[in-house]
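Hello,

Here is the structure we spoke about, with notes on what turned up in it. Please read the notes with the structure open beside you.

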Amino acid sequence: MVRPVGEFDLAGVEAVEEALRPLEHAFSTVLVDLREVEFLDSTGLRTLLQADARSRRNGFELQIINSDSGQVRRVLELTGMDKKLPLIDISDPRH
């Protein structure tokens, strides 16, 4: 599982990518938990889209837990990525 915290933008993309890559080769399902992300920009969104494309190309399942942040949800909805990305909505913070 990869769990970015705070701002998922240009400054955090490299760390997320470095965490994702080894998991993609080691597991059949990779989970990205966005619940602690408060801000998502186009660079973070592009990273999620690239991971989604790699999952289809390389045969692993990507699951993304949607953020509780209204800003992140708005970005995903405004760009239509809430329909394209494999988002999971978990309202119970214990999950």
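**Salt bridges**

There are nine salt bridges in the structure. Please keep in mind that this is a predicted model.

One of the salt bridges is formed by the side chains of Arg-54 and Glu-17, with 3.4 Å from N to O. This pair links distant parts of the chain: Arg-54 lies in helix H2 (residues 42-58) and Glu-17 in helix H1 (residues 10-26), 37 residues apart. Are these two residues buried or exposed? Arg-54 has 5% relative accessibility, so it counts as buried. Glu-17 is buried as well, because its relative accessible area of 13% is under the cut-off of 20%.

Asp-52 and Lys-84 form another salt bridge, and their closest N and O atoms are 4.0 Å apart. Here too the pair links distant parts of the chain, with Asp-52 in helix H2, Lys-84 in helix H4 (residues 81-84), and the two positions 32 residues apart in the count along the chain. The two ends of this bridge have their own accessibility values. Asp-52 is buried, with a relative accessible area of 7%, whereas Lys-84 is partly exposed at 44%.

A further salt bridge joins the side chains of Lys-83 and Asp-82, at 3.2 Å from N to O. Lys-83 counts as exposed because its relative accessibility is 71%, and exposed means over 50%. Asp-82, at 24%, counts as partly exposed. Elsewhere, salt bridges with shared partners join Glu-17, Arg-21, Glu-24 and Arg-54 into one network.

**Glu-24, a member of that network**

Glu-24 is found in helix H1. With 8% relative accessibility, Glu-24 counts as buried. Which residues does Glu-24 contact, leaving aside its neighbours within four places in sequence? They are Val-30, Ala-51, Arg-54 and Phe-60.

**Helix H2**

Helix H2 has 17 residues. From its first C-alpha to its last it reaches 24 Å, close to the 24 Å expected at 1.5 Å a residue. The buried residues of H2 include Leu-45, Leu-48 and Ala-51. Asp-52 and Arg-54, which appeared above in salt bridges, are also among the buried residues of H2.

Both ends of the helix have a detail to look at. At the start of H2, a side-chain oxygen of Asp-41 comes to within 3.0 Å of the backbone nitrogen of Thr-43. Just after H2, Gly-59 has a positive phi of about 80 degrees.

**The sheet**

The structure has an open sheet of three strands, in the order S2-S4-S5, with parallel pairing. Strand S2 (29-33) and strand S5 (87-88) stand at the edges; each has a single partner strand, so one side of each is left without a neighbour in the sheet.

How many bridges join S2 to strand S4 (residues 61-65)? There are five, and the two strands run parallel. To find this pairing in the model, start from Val-30, whose bridge partner in S4 is Leu-62. Then look at Leu-31, which has Gln-63 as its bridge partner in S4. Val-30 is also one of the residues in contact with Glu-24.

On the S5 side, two bridges join S4 to S5, and these strands also run parallel. Ile-65 stands opposite Ile-88 in S5.

**Arg-73**

Arg-73 has its place in helix H3 (residues 70-78). Its relative accessible area is 26%, so Arg-73 is partly exposed. Leaving aside neighbours within four places in sequence, Arg-73 is in contact with Asn-66, Ser-67, Asp-68 and Asp-89. With Asp-89 there is a polar contact of 3.0 Å between the side chains.

How far apart are Arg-73 and His-25 in space, C-alpha to C-alpha? The distance is 29 Å, and the two residues are 48 residues apart in sequence.

**Where to start**

If you want an order for going through the model, begin with the bridge between Arg-54 and Glu-17. Move on to the network that also holds Arg-21 and Glu-24. After that, follow the sheet in the order S2-S4-S5, and finish with the polar contact between Arg-73 and Asp-89.

Regards

Technical notes:
Residues numbered from 1 in each chain as written. Predicted model: local features only at pLDDT ≥ 70, side-chain atom pairs only at ≥ 80, totals over all residues. Heavy atoms only, no water. Helix = DSSP H or I, 4+ residues; strand = E, 2+ residues; numbered from the N terminus. Buried < 20%, exposed > 50% of the residue type's maximum accessible area, 1.4 Å probe, protein only. Pairing = 2+ DSSP bridges. Contact = heavy atoms within 4.5 Å. Polar contact = N/O pair within 3.5 Å; in protein donor to acceptor, adjacent residues only side chain to side chain. Expected span 1.5 Å × (residues − 1).
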